[in-house]
Amino acid sequence: MNGRELQKCAAMRARELPASTLEFPFGPDVDVYKVRGKVFMIHTVVDDEPLVVIKASPSDGLALRDAHADITPGYHMDKRHWISLHPGGSLSPDMVEELVTESYRLVVAGLPSAQRPVEPHAFGRGQR
């Protein structure tokens, strides 16, 4: 996938997620996807390369970075809890969609239970 396809694929999945919103707190060139006010995905461009930055558990993030050259520590985010997806290599649309969904689940799990739009441990597993 090229950079536009990567961001489009991730954005399409993000828009499907319950209570997902798109905001622009860093200006019109940075798309920030949130659930109940908490960030779960950022689209930005670094050195003319479109990136998708998403949340990941520390162990998953490390494993993903080891297995895929197109996954690096999260740009401008906590490197233990965020990863960046880069265009051009081994990332399939299905994988991007699952990574976006997992980022969403991680953020929802951190919300007070009364604010959760879904049950994070069950949402999206085996549905696609």
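Where in the structure does A19 lie? This predicted model can be toured from that residue after a view of the whole.

**The whole chain**

Begin with the complete protein displayed as a cartoon. The protein contains 3 helices and 6 strands. Followed along the sequence, these elements come in the order α-β-β-β-β-α-β-β-α. The radius of gyration is 14 Å, close to the 14 Å given by the globule rule for 128 residues, so the protein is as compact as a globular protein of that length. Rotating the view along the principal axes, one finds that the C-alpha trace spans about 40 × 30 × 25 Å.

Next, display the surface. The protein exposes about 6,800 Å², and carbon and sulfur atoms supply 52% of that area. Of the 128 residues, 44% count as buried. If contacts are displayed, consider those between residues at least 6 apart in sequence: 49% of them join residues at least 24 apart. Colouring by charge brings out 15 positive and 17 negative charges, whose mean positions are 7 Å apart.

**Helix 1**

Select residues 3-16, which form helix 1. This helix has 14 residues, and the distance from its first C-alpha to its last is 20 Å, close to the 20 Å expected at 1.5 Å a residue.

Which residues of helix 1 are buried? They are G3, L6, Q7, C9, A10, A11, R13 and A14. To see what covers them, add the neighbouring elements to the selection. The cover includes strand 1 (20-23), strand 2 (31-35), strand 3 (38-46) and strand 4 (49-55). Strand 6 (82-85) and helix 3 (93-109) are also among the covering elements.

**From helix 1 into strand 1**

Now select A19, which answers the opening question: this residue lies in the loop between helix 1 and strand 1. Most residues other than glycine have a negative phi. The phi of A19, however, is near 65°, a positive value in a residue other than glycine. With a relative accessible area of 30%, A19 is partly exposed.

Move on to S20, which lies in strand 1. With neighbours within four places in sequence set aside, S20 is in contact with A14, Y33, K34 and F40. One of these, A14, belongs to the buried residues of helix 1. For a distance across the model, select S20 together with V53: the two are 33 residues apart along the chain, and their C-alpha atoms are separated by 16 Å.

**The loop between strand 3 and strand 4**

Select D47, found in the loop between strand 3 and strand 4. Is D47 buried or exposed? At 75% relative accessibility, D47 counts as exposed. The phi of D47 is near 50°, which is positive in a residue other than glycine.

D48 lies in the loop between strand 3 and strand 4 as well. At 77% relative accessibility, D48 counts as exposed. Add G3 to the selection: D48 and G3 are 45 residues apart along the chain, while their C-alpha atoms are separated by 9.5 Å. G3 is one of the buried residues of helix 1.

**Helix 3**

Select residues 93-109 to bring up helix 3. Its 17 residues should span 24 Å at 1.5 Å a residue, and its end C-alpha atoms are 24 Å apart, which agrees. The buried residues in this helix are V96, E97, L99, V100, T101, E102, S103, Y104, R105, V107 and V108. Helix 3 is also part of what covers the buried residues of helix 1.

Continue to A109, which lies in helix 3. A109 is partly exposed, with a relative accessible area of 30%. What does A109 contact, leaving aside its neighbours within four places in sequence? The contacts are with R116 and P120. Select G88 as well for a distance: A109 and G88 are 21 residues apart along the chain, and their C-alpha atoms are separated by 31 Å.

**The segment after helix 3**

The last stop is A114, found in the segment after helix 3. At 78% relative accessibility, A114 counts as exposed. Measuring back to Y104, one finds the two C-alpha atoms separated by 16 Å, with the residues 10 apart along the chain. Y104 itself is among the buried residues of helix 3.

Definitions and conventions
Residues are numbered from 1 along each chain as its sequence is written. This is a predicted model: local features need pLDDT of at least 70, side-chain atom pairs count only at pLDDT 80 or more; totals for chains, interfaces and linings use all residues. Side-chain values use heavy atoms; hydrogens and water are left out. Helices (H or I, at least four residues) and strands (E, at least two) are DSSP runs, numbered from the N terminus. The radius of gyration is taken over C-alpha atoms; the globule rule is 2.2 Å times the number of residues to the power 0.38. Buried means under 20% relative accessible area, exposed over 50%, partly exposed in between (1.4 Å probe, protein chains only). Contact means heavy atoms within 4.5 Å. Accessible areas come from the Shrake-Rupley method with a 1.4 Å probe; for residues, only the protein chains shown count as cover. Lys and Arg count as positive and Asp and Glu as negative; His and the chain ends are not counted. The place of a charge is taken as NZ of Lys, CZ of Arg, CG of Asp or CD of Glu. The expected span of a helix is 1.5 Å times one less than its number of residues.
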